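Trainee: Could you take a close look at one part of this model for me? I'd like to hear where it sits and what surrounds it.

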Amino acid sequence: MKPTSLLLPLLLACCPTEACEGLVIERAWIREAPPGARVMAGYAELRNDGASTLVVDAVESSGYFDHVMIHETLLEEGRARMVPRDTLEIPPGATLSLAPGGLHLMLMQPVSDLALGAEVPLTLRCGEAVTETRFPVSAAAP
Amino acid sequence: MASTDRSALILLVLVAVLAFALGIHFARRTAPEAGAPVEGMLWPDPPRLESFTLDGADGKPLTEATLRGKWSLLFFGFTHCPDVCPTTLATLRETVKLLEETPDFAQQGQVVLVSVDPARDTPEALAGYVGHFDRNFLAATAPPDRLAALTGQLGILHTRVPLGSGEEYSVDHTASILLIGPGLERLAIFSAPHAAPELAAKIGQIIQFLQDSP
């Protein structure tokens with residue numbers, strides 16, 4: 001076995017992962033949903049204070065939702081369409097807004113009902129780097 | 001007589017310039033005020049809603065009779081819709097609150113969510129869902145054929161769209177809010193995105209206008 005093939009798993013296991021470089025998450029919230037809701041939506045403002053374009057390629061939730069998708073609501077001739085997005089790209093210095101009626105995190109199958117005020121940790125993944133933030137459950141944008 | 005020709009030409013140019021300036025002046029005076037674009041039209045004799053029968057969240061049928069004598073705000077959605085539907089229901093809750101100052105709506109107004117996803121939205125599920133936003137909100141759905149009797153006449157479109165590779169799906173749908181009058185008149189369609197203050201102002205104006213006109 002080549003020594004390099006051992007290196008990557010070792011690296012991943014031993015060391016704390018790096019944060020997404022320059023990613024600042026503000027005004028994060030999850031819209032409260034009626035009891036029994038199977039899908040919820042998460043919103044936030046994602047700012048890139050770094051020097052290069054940030055690409056968020058996955059969002060994860062351990063213990064709160066089955067899985068998380070990135071979606072965009074598009075309004076065309078009065079019709080709302082949901083379009084899955086693979087990534088969120090944020091150029092240096094830019095802020096990407098995830099807001100009602102537009103881009104949002106689609107939080108699938110909550111493990112249990114989330115009460116108003118609950119704080120849900122979500123992990124945004126940028127390649128190997130990850131940034132975790134708490135999303136409070138709220139009736140309206142903060 | 002070159003100089004006479006020249007004076008005549010100058011006079012002609014002067015007259016033309018004056019006429020042009022006067023034209024602009026009067027056009028400005030008679031033109032409608034700027035900044036008041038037409039936002040919609042009220043039909044003099046609006047089409048009426050024809051009969052339909054949905055299964056209400058309260059276990060009773062929800063039909064055109066449920067809407068008769070009321071100002072009804074109709075919205076079409078589904079409970080597995082995380083973004084547009086809860087946002088619109090929250091907007092409708094705020095709109096109803098703002099319309100408390102329009103007495104007729106405060107007494108005779110109602111909000112109805114019609115689910116376009118009868119496969120997943122049972123009447124019981126709908127009751128819990130709308131009740132969370134406002135306990136006075138009504139909700140209903142029906143199997144596709146009976147649902148089409150309402151969506152068809154209102155021009156509401158809805159299409160199932162698979163999400164990923166599993167069995168999960170979303171429903172692309174018309175996100176407009178419709179105002180139905182007490183005589184089942186199809187009075188207005190408000191297109192998304194919705195904002196409560198604008199919506200409440202327009203609905204209040206429409207109700208006021210219809211009450212003032214003979």
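Mentor: Sure, let's zoom in on B:His80, which sits in the loop between β3 and α3 (84-98) of chain B; helices (H or I, at least four residues) and strands (E, at least two) are DSSP runs, numbered from the N terminus. Keep in mind that this is a predicted model, where local features need pLDDT of at least 70, side-chain atom pairs count only at pLDDT 80 or more, and totals for chains, interfaces and linings use all residues. Residues are numbered from 1 along each chain as its sequence is written, chains are lettered from A and ligands numbered from 1 in the order in which they are written, and side-chain values use heavy atoms, leaving out hydrogens and water.

B:His80 counts as buried because its relative accessible area is 17%, and buried means under 20% (exposed is over 50%, partly exposed in between, with a 1.4 Å probe and protein chains only). Leaving aside residues up to four places away in sequence, B:His80 touches A:Arg38, A:Val39, B:Arg120 and B:Asp121, where contact means heavy atoms within 4.5 Å. Its side chain also makes a polar contact with the side chain of B:Thr79, at 3.4 Å. That term covers a pair of N or O atoms within 3.5 Å; within protein, one must be able to donate a hydrogen and the other to accept it, and residues adjacent in sequence count only if both atoms are side-chain atoms.

As for the strand before this loop, β3 belongs to an open sheet of 7 strands in chain B, ordered β2-β1-β5-β4-β3-β8-β9 with mixed pairing; two strands pair if DSSP finds at least two bridges between them. The edge strands are β2 (61-63) and β9 (186-190), each pairing on one side only.
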